[in-house]
Amino acid sequence: MSRPHKSLTIKLVGALVAVSAALPLSGQTTLPRRPKLVVGIVINGLDIDKVYQLREHFTTGGFNKLLDSGVTLTNINYGSGLDDAAATAVILTGASPAVTGIPASEVYDTASRKAQSVLFDASTIGNFTDETYSPKALRVSTLADEVRIDTSGLGMVHAISPDATTSIIMAGHAGNSACWITDKSGKWASSTYYTELPTSIQQLNHMRPLSARMDTIRWTPTLPDAAYSELPSHKKIYSFNHTFTGGSDRYVRFKASAPVNAEVTSVSLDFLKLLNMGKREPMDMLEVNYTLQPYTYSNQPDTRVELIDSYLRLDRDLARLFSSIETQGPGLDKTLIWVAGTPASNASASDEERWRIPGGEFSAERAISLLKVDLMSIFGNGDWVTGYYNNQIYLNHDLIQQRGKDLNAMRNETADFMRRLTGVTYAITLEQAVGASEKEDSPFPPARNLDVDTAGDVLISIAPGWEVVHNANSETNKRVERMRATSSAAFIMHPDIDARTIDTPIDARVVAPTVARLLRIRSPNGARLAPLRL
């Protein structure tokens, strides 16, 4: 067979080169343009199935915009059911609680023998609050820190959340400001650790304080009852009507409700407009926190209507935020938006007795009293137990050392004793928890989600359906044990990235390095997993 003419071969090769040059390069070989504005959104309790379920009720500018224009990651896995603060730290740092030092929003302080904020810092002073918090307990850098470092401090980073701990974690060590709503006064507050609190916050507190508007805020269904096709008929008849007019916990109730997301959005829009975020030469970052967690302050145990309405309202808040970025900000074509959810929690109410779900009551006070008697019978008189918090038992290390006792022996005896109590399904020592392999059916978090500096000496697991009573005289110190979700979802929207859906499980620690890669900055210093190449 004759060979093709040399000139023809050259022409074919040239044509192929020309065609390949005209094709768009794969996302794995090139990076999108660096944005002028980064908007990071953490949504507590985000459930992607609820988003798909309610899609026909959403506007075109909120969740549907994320689904249609962004990369949807349907299974962001945290390894265990972390609370909002710990999960937020994983997202912003790319590291697990064992590395970040943030295992939960509150940790047990053995010195004072009570729980306190994981970010408590007595050396700071609050702005518009007596709360004293700082990010000093956060052991690694965050996306916010890396943005500030990359821009030599010229790029602004501001974080806005109803919750103090989440806001500070989002702002990191180097952020310009972290703002939250106080539980006592309802004012927007910050910490003196951050030195650039926008004047818009001060004006809001003086001219339009939440306390002056609280009596006019009412949470009722967004749509007519008949429009909620996803609900059984009886839930369409008995709707809800929540107000925040009285009680010392009125601001706590408001912060857990859907209307707080509108308040967060309004403050975020003030920051965008008044600070010209994204319109300057350096890259700016705005971080926003919303909630979709079950509303636990309803007088009805079934809060499905409230949860659905929370999604509908947040959809409109997202649409308002995205629209403002387009019209008053740098434009969506110059903005990278990432959204990450934290695992959904469970409502704390017990099922009605008529359903005959197995259960019981586990009294923490009684259990610790019995444990103290057992330890004294073996190791002698002494206050061997410091306290109990969040299914963890803390032993008195100082006394154990003074008396020359074996800490491991006392831990093992504590675990053995707790296993014999009714309602306790498992009990393991801290050493066993750290050394255990990750098993899907284990009731305990994997070692990477344990912070040994704040963990108890013994971890216990209470039977599902049982009510854990910390203080018999307080209704607020009770909860129903139930396994919680370990995953959520995420979205990444950039004009240079094609929309698609990724259903394979993604480690939550991958989000931070993935965003960092798209921003062309370093990953946070605790992130060790490789980024997704979108």
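## Exercises on helix and sheet packing

α8 and α12 are oblique to each other. The model is predicted. The exercises start with this helix pair.

**Exercise 1.** Find the angle between helix α8 and helix α12, and classify their packing.

Step 1. Locate the helices: α8 covers residues 199-207 and α12 covers residues 259-274.
Step 2. Read the geometry. The two pack at an angle of about 135°, and their axes are 10 Å apart.
Step 3. Apply the cut-offs. Over 145 degrees counts as roughly antiparallel, and 65 to 115 as roughly perpendicular. The angle of about 135° fits neither class, so α8 and α12 are oblique.
Step 4. Add the handedness: the crossing of α8 and α12 is right-handed.

**Exercise 2.** List the residues that make the contact between α8 and α12, and sort them by type.

Step 1. From α8 come Ser200, Ile201 and Leu204.
Step 2. From α12 come Glu263, Val267, Asp270, Phe271 and Leu274.
Step 3. Sort them: five are nonpolar, one is polar and two are charged.

**Exercise 3.** Classify the packing of α12 and helix α13, and describe their contact.

Step 1. Helix α13 spans residues 304-327. Its axis lies 9 Å from that of α12, at an angle of about 5°.
Step 2. Angles under 35 degrees count as roughly parallel, so α12 is roughly parallel to α13.
Step 3. On the α12 side, Asn261, Ala262, Thr265, Ser266, Leu269 and Leu272 make the contact. On the α13 side, the residues are Leu314, Asp317, Arg320, Leu321, Ser324 and Ile325.
Step 4. The contact of α12 with α13 holds six nonpolar, four polar and two charged residues.

**Exercise 4.** Work out the strand order of the sheet that contains β14, and name its edges.

Step 1. Four strands form an open sheet, ordered β14-β15-β17-β16. Their pairing is antiparallel.
Step 2. The edge strands are β14 (385-389) and β16 (424-429), each pairing on one side only.
Step 3. Neighbouring strands are turned by 20° against each other on average, direction ignored.
Step 4. Look inside the sheet. β15 (residues 392-395) and β17 (residues 458-462) pair over two bridges. Ile393 has Val458 of β17 as its bridge partner.

**Exercise 5.** Place helices α14 and α16 against the strands.

Step 1. Helix α14 (residues 364-379) packs on the sheet and touches β14 and β15. Its direction makes about 155° with that of β14.
Step 2. Helix α16 (residues 407-419) lies across β15, β16 and β17. Helix α16 runs at about 175° to β16.

Key. Residues numbered from 1 in each chain as written. Predicted model: local features only at pLDDT ≥ 70, side-chain atom pairs only at ≥ 80, totals over all residues. Heavy atoms only, no water. Pairing = 2+ DSSP bridges. Axes fitted to C-alpha atoms, helices over the stretch in contact; angles between N-to-C directions. Contact = heavy atoms within 4.5 Å. Left-handed = near helix turned anticlockwise from the far one by under 90°. Nonpolar A, V, L, I, M, F, W, Y, C, P; charged D, E, K, R; others polar.
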